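Q: Could you take me through one part of this structure in close detail? I would like to look at where the two chains meet, and at the helices around that place.

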Amino acid sequence: MKAFFNELFEYNRHMNNELIRAIVQNRNTVSEKSLKWINHILNAHELYNCRIEPAGYTPPAPWDMRALEELAPINENNFQVSLGILRLYDFDTVIMYTTMKGTHMENTVGDILFHMINHSTYHRGQIAVEFRNGGLEPLVGDWVVYKRGK
Amino acid sequence: MKSFFTQLFEYNHFMNNELIKAIVERHDLVSDKSLEWVNHILNAQQIWNNRIAREQPPYGVWELHSVDELSAINESNHQSSIAIIRNTELTTIIGYTNSKGHTFQNSVRDILFHIINHSTYHRGQVAVDFRQTGLEPLETDYDAYLDCMKSS
């Protein structure tokens with residue numbers, strides 16, 4: 001199971017990186033919404049990493065915006081922290097946290113890790129629509145297509 | 001691993017149903033794009049289930065069904081996927097030909113995860129479309145779903 005999640009986080013890092021590259025290349029035409037969503041994907045990932053493994057700093061708020069140049073290093077750092085979590089934590093460990101909406105939640109590490117992957121995919125789908133609406137070619141992000149190249 | 005996939009397919013089944021319910025209720029407002037995407041989510045799951053079962057899929061990937069049929073298709077897809085999880089070794093390699101005539105191979109495990117991931121991707125797109133047409137998008141996060149299941 002842990003090996004599978006390693007693959008999922010590698011996929012997530014790869015797809016985010018492709019997206020960040022496309023956004024940087026098209027920085028003059030990319031929409032505000034696409035920027036908002038790519039930032040949100042990275043912020044949420046960092047936030048959930050911190051919920052499992054508290055960091056020595058205040059994690060970002062879900063809709064914080066960073067400079068374009070910061071996105072790739074943040075994506076890499078998020079990935080490395082998640083790999084560390086995969087190594088250190090039992091999937092059944094229960095984590096308690098409060099969402100931004102104030103809801104108290106208790107979920108296992110395994111469920112939170114899947115949520116992180118799923119949440120990124122959801123918003124990458126939304127960015128694809130924005131790309132198409134703005135005349136940019138959306139990326140192909142299908143898991144089966146990604147795995148065929150491995 | 002199998003119980004993990006069962007849980008993911010239950011989530012997918014539940015979220016598709018919520019979406020279908022919202023679409024049926026607000027049929028007057030729902031855009032063509034949202035209809036296309038929800039049909040595409042269901043058709044793709046059908047096609048992949050059938051590839052694993054080595055049967056000919058009855059639907060094209062962008063085929064449109066009547067709104068009243070969607071819930072039954074979602075249910076039937078779900079039952080087929082659950083049967084696959086129960087009866088198939090996840091490492092089995094499946095060969096298939098896509099709509100352009102190219103042949104590929106993926107493991108059952110990767111196809112199952114693709115179904116889940118692909119559905120989530122397009123549900124994200126339906127959410128954007130809902131907001132644009134003045135409909136409230138659904139809360140489809142996996143952690144919120146688990147929380148909702150615990151309290152129900």
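A: Happy to! A residue is called buried here when its relative accessible area is under 20%. Please keep in mind that this is a predicted model.

Let's begin with α4(B), where that cut-off is put to use: 23 of the 25 residues in this helix are buried, so α4(B) is mostly covered. Its length fits a regular helix, because 25 residues at 1.5 Å a residue should span 36 Å, and the end C-alpha atoms of α4(B) are 37 Å apart, which agrees. Just after the helix, B:Gly134 has a positive phi of about 85 degrees.

Now for the contact between the chains. Chain B contributes 39 residues and chain A contributes 37 residues. Together they bury about 3,000 Å², and 59% of that lies on carbon and sulfur atoms. On the chain B side, the residues that lose the most area to chain A are B:Phe113, B:Tyr121 and B:Asp143, which together account for 20% of what that side buries.

As for polar links, 17 residue pairs are in polar contact between chain B and chain A, with both residues at pLDDT 80 or more. The elements of chain B that each give two or more residues to the side touching chain A are α1 (2-25), α2 (32-53), β2 (103-107), α4 (108-132) and α5 (142-151). Of these, α4(B) supplies the largest share, 16 residues. By residue type, the side of chain B that touches chain A divides into 19 nonpolar, 11 polar and 9 charged residues. The count of salt bridges between the two chains is 1. It joins the side chains of A:Glu7 and B:Arg109, at 2.6 Å from N to O.

Crossing over to chain A, α1(A) is a good place to look next. Its 24 residues should span 34 Å at 1.5 Å a residue, and the end C-alpha atoms are 34 Å apart, which agrees. Among the buried residues of α1(A) are A:Phe4, A:Phe5, A:Leu8, A:Phe9 and A:Tyr11, as well as A:Ile20 and A:Ile23. The cover over the buried residues of α1(A) comes from both chains: it includes α2, α3, α4 and α5 (143-148) of chain A, along with α1 and α4 of chain B.

Helix α3(A) covers residues 68-88, 21 residues in all, and reaches 31 Å from its first C-alpha to its last, close to the 30 Å expected. Its buried residues, including A:Leu71, A:Ile74, A:Phe79 and A:Leu83, pack against α1 (2-25), α2 (32-52) and α4 (109-133) of chain A.

A:Leu68 also lies in α3(A), and it counts as buried because its relative accessibility is 15%, under the 20% cut-off. Setting aside neighbours within four places in sequence, A:Leu68 is in contact with A:Ile23, A:Val24, A:Arg27 and A:Leu35. A:Ala55 is 13 residues away from A:Leu68 along the chain, and their C-alpha atoms are separated by 23 Å.

Finally, have a look at A:Ser34 in helix α2 of chain A. With 1% relative accessibility, A:Ser34 counts as buried. Not counting residues up to four places away in sequence, A:Ser34 touches A:Ile23, A:Ile127, A:Glu130 and A:Phe131. A:Ile23 thus appears among the contacts of A:Ser34 and among those of A:Leu68.

Definitions and conventions
Residues are numbered from 1 along each chain as its sequence is written. Chains are lettered from A and ligands numbered from 1 in the order in which they are written. This is a predicted model: local features need pLDDT of at least 70, side-chain atom pairs count only at pLDDT 80 or more; totals for chains, interfaces and linings use all residues. Side-chain values use heavy atoms; hydrogens and water are left out. Contact means heavy atoms within 4.5 Å. Buried area is the accessible area (1.4 Å probe) that two parts lose on being put together, summed over both. A salt bridge is a side-chain nitrogen of Lys or Arg within 4 Å of a carboxyl oxygen of Asp or Glu. A polar contact is a pair of N or O atoms within 3.5 Å; within protein, one must be able to donate a hydrogen and the other to accept it, and residues adjacent in sequence count only if both atoms are side-chain atoms. Helices (H or I, at least four residues) and strands (E, at least two) are DSSP runs, numbered from the N terminus. Ala, Val, Leu, Ile, Met, Phe, Trp, Tyr, Cys and Pro count as nonpolar, Asp, Glu, Lys and Arg as charged, and the others, Gly among them, as polar. The expected span of a helix is 1.5 Å times one less than its number of residues. Buried means under 20% relative accessible area, exposed over 50%, partly exposed in between (1.4 Å probe, protein chains only).
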